[in-house]
Every structure is written in C-alpha cells, then in structure tokens.
Amino acid sequence: MAVNVITICGSLRKGSYNRIVMNALPALAPDGMQIREAPPIGEFPLYNADIQNSTGFPAAVTTLGDAIRASDGVIFDSPEYNFGIPSPLKNAIDWVSRLPNQPFAGKPVALQSASPGPVGGARVQYDLRRSMVFLDALTLNKPEIFIGNCAQRIDEKTGRITDEATVGLIKQQLAAFAKFIASHGGKS
Ligand SMILES: Cc1cc2nc3c(=O)[nH]c(=O)nc-3n(C[C@H](O)[C@H](O)[C@H](O)COP(=O)(O)O)c2cc1C
C-alpha cells in the first residue's frame, strides 16, 4: 500500500510560488509515495473559541483534521509573512489543534518554503517547527528546502520549477521523508 502524504499550502494566492512547488511534488515523489493536496483552508473562519463552543467545529476544519489523521505524513509549502506563519495557515493550525484526538500528534511533517527574497522563507520554518513541537508532530530535520530568489528558480508563467538543483533537493527531501515515515512506524 502506498504511503499517503498530504500537502497544505500557506498561500491562498492563485499564482503562488509555494503552490507551484506543492503542485510539483507528486511527480517528484519516490516510488510508493502518493502525494495529494489536503482539503482547503481558505474558508476557515477566524479562530474563535465561541464558535467551537456554540455551533461546534466548522465542517471544513473537521474535514482537514480527518485528512491529517488518515495521512501518513503532512508537507507544508508556505511563504513567510513578516518573518512568521501566514495568518490563513496559522489559523488553520489553530483550528485543527483544538480537535479531539489532535490530528498532528505523532504525525510526520516536512517543511518547504519559497520566497523571492534571499532567505527563502527560512524563518517561517522555525515558526512552523515550534508549533509542531507543541502539537507533538514529528518534523523532519533534513534536507531543508528553502527556495530563495524563487522568481529565478520557478517560472510563474508555466507553473514549473526551472532550477534543476532545486528539483533535485526536493526529490532528496521526499526520499528522506519516506524513510522518516517508515522509521516512525508508517508504511515503507
Ligand atoms: C504580508 C506579507 C508579508 C511578507 N513578509 C515576508 C517575509 O517576512 N519574508 C519574505 O521572504 N517574504 C515576505 N513577503 C513576500 C513573499 O515571500 C512573497 O509575496 C511570496 O511570493 C509569497 O508567497 P507565494 O508566492 O507562495 O504567495 C511577504 C509578503 C506579504 C504579502
């Protein structure tokens, strides 16, 4: 049976560089790993405990939580906003984190970020790692994927990663993620 990995994009922008990277992943996955996009986060209401305590969790939140629980691993593809996690993604993590049988607990997670800036979104990854620590997720350490100066490595017109070194690094990370999942009791 294939390893079932889901991806969550931190950018809601149609032409998002991070979405282009995310969309490239299925073709770069090692044999036996299936990658597909998680249910969408864009329509989540802003987190408010009063919603949770009155009408309950929004259906979209429950759907994402179910998909995370059912997966063998989660990959975040996210830009960095003001040195941190973009609000739609943080909002989604906050909602999911309040679900019973917290979906990220024990879940293998890998991080990827792209930015037109030189640092490639490195700082958002430290924020994501910190949130994943609190949620008891298991975040892959290496290889790290920071796609800096991404406008030179990703063609937003064709929606393709044009830089072969970046493609190679992503393949390496996905292969490492498959091993990481297997070593933590997931499918190999
Ligand atoms: C609100 C906001 C804050 C941003 N802050 C950062 C930042 O801290 N570091 C960075 O490298 N780029 C920053 N950027 C630029 C984004 O990296 C750039 O817009 C990128 O294309 C967004 O990712 P996307 O193409 O996947 O939508 C910011 C952009 C926005 C809209």
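Visitor: Where is N149 found in this model?

Guide: The model is a predicted one. N149 is found in the loop between β6 and β7, the latter covering residues 154-155.

Visitor: Why is N149 called partly exposed?

Guide: Its relative accessible area is 29%. Buried requires under 20% and exposed requires over 50%. The value for N149 falls between these limits, and the residue is therefore partly exposed.

Visitor: What is notable about the phi of N149?

Guide: N149 is not a glycine, yet its phi is positive, at about 45°. F83 also has a positive phi, near 65°, and is likewise a residue other than glycine.

Visitor: Where does F83 lie, and why is F83 called exposed?

Guide: F83 lies in the loop between β3 and α4. Its relative accessible area is 55%. Since the term exposed applies over 50%, F83 is called exposed.

Visitor: Which residues surround the ligand?

Guide: The ligand is surrounded by S11, R13, S16, Y17, N18, P79, E80, Y81, N82, F83, S115 and P116. By class, this shell divides into five nonpolar, five polar and two charged residues.

Visitor: What makes the pairing of the ligand with the side chain of S16 a polar contact?

Guide: An N or O atom in the side chain of S16 is 2.5 Å from an oxygen atom of the ligand. The limit for a polar contact is a pair of N or O atoms within 3.5 Å, so the pair involving S16 qualifies.

Visitor: How do you know that E80 and S115 also make such contacts with the ligand?

Guide: A polar side-chain atom of E80 lies 2.7 Å from a nitrogen atom of the ligand. For S115, an N or O atom of the side chain is 2.7 Å from an oxygen atom of the ligand. Both distances are within 3.5 Å, so both pairs count as polar contacts. As for surface, the ligand taken alone exposes 620 Å², and the protein buries 70% of that.

Visitor: Why is R129 called buried?

Guide: The relative accessibility of R129 is 17%. Buried means under 20%, and R129 therefore counts as buried. The residue is found in helix α5.

Visitor: Which residues is R129 in contact with, leaving aside its neighbours within four places in sequence?

Guide: R129 is in contact with L111, T139, L140, N141 and E144. Its C-alpha atom and that of L111, which are 18 residues apart along the chain, are separated by 8.5 Å.

Visitor: What makes the approaches of the R129 side chain to L140 and N141 polar contacts?

Guide: A polar atom of the R129 side chain lies 3.0 Å from the backbone oxygen of L140. A polar atom of that side chain also lies 3.4 Å from the backbone oxygen of N141. Each distance is within 3.5 Å, and each pair therefore counts as a polar contact.

Visitor: Why is T139 called buried?

Guide: The relative accessible area of T139 is 16%, which is under 20%, so T139 is buried. T139 lies in strand β5, residues 138-139. Leaving aside its neighbours within four places in sequence, T139 is in contact with V109, L111, R129, M132 and F180.

Visitor: Which peptide bond is cis, and where is P143 found?

Guide: The cis peptide bond joins K142 and P143, with omega about -5°. P143 is found in the loop between β5 and β6, where β6 spans 145-147.

Visitor: Why is V167 called buried?

Guide: V167 has a relative accessible area of 10%. That value is under 20%, and V167 is therefore buried. V167 is found in helix α6, residues 164-183. Leaving aside its neighbours within four places in sequence, V167 is in contact with L28 and I161.

Visitor: Which members of the largest nonpolar core touch the most other members?

Guide: Of its 26 residues, I8, F76 and F104 do. At least two residues of this core are supplied by each of β1 (3-9), α3 (59-70), β3 (73-77), α4 (87-97), β4 (108-114) and α5 (122-134). The largest share, five residues, comes from α4.

Visitor: What does F76 touch, not counting residues up to four places away in sequence?

Guide: F76 touches I8, L89, I93, F104, V109, A110, L111, Q112, L128 and M132. A second, separate core has 25 residues, including V5, Y17, I20 and A114. Y17 is also among the residues that surround the ligand.

How values were computed
Residues numbered from 1 in each chain as written. Predicted model: local features only at pLDDT ≥ 70, side-chain atom pairs only at ≥ 80, totals over all residues. Heavy atoms only, no water. Near = heavy atom within 4 Å. Polar contact = N/O pair within 3.5 Å; in protein donor to acceptor, adjacent residues only side chain to side chain. Areas by Shrake-Rupley, 256 points an atom, 1.4 Å probe, with all protein chains shown as cover. Nonpolar A, V, L, I, M, F, W, Y, C, P; charged D, E, K, R; others polar. Core = buried A, V, L, I, M, F, W, Y, C linked by side-chain atoms within 4.5 Å. Buried < 20%, exposed > 50% of the residue type's maximum accessible area, 1.4 Å probe, protein only. Helix = DSSP H or I, 4+ residues; strand = E, 2+ residues; numbered from the N terminus. Contact = heavy atoms within 4.5 Å.
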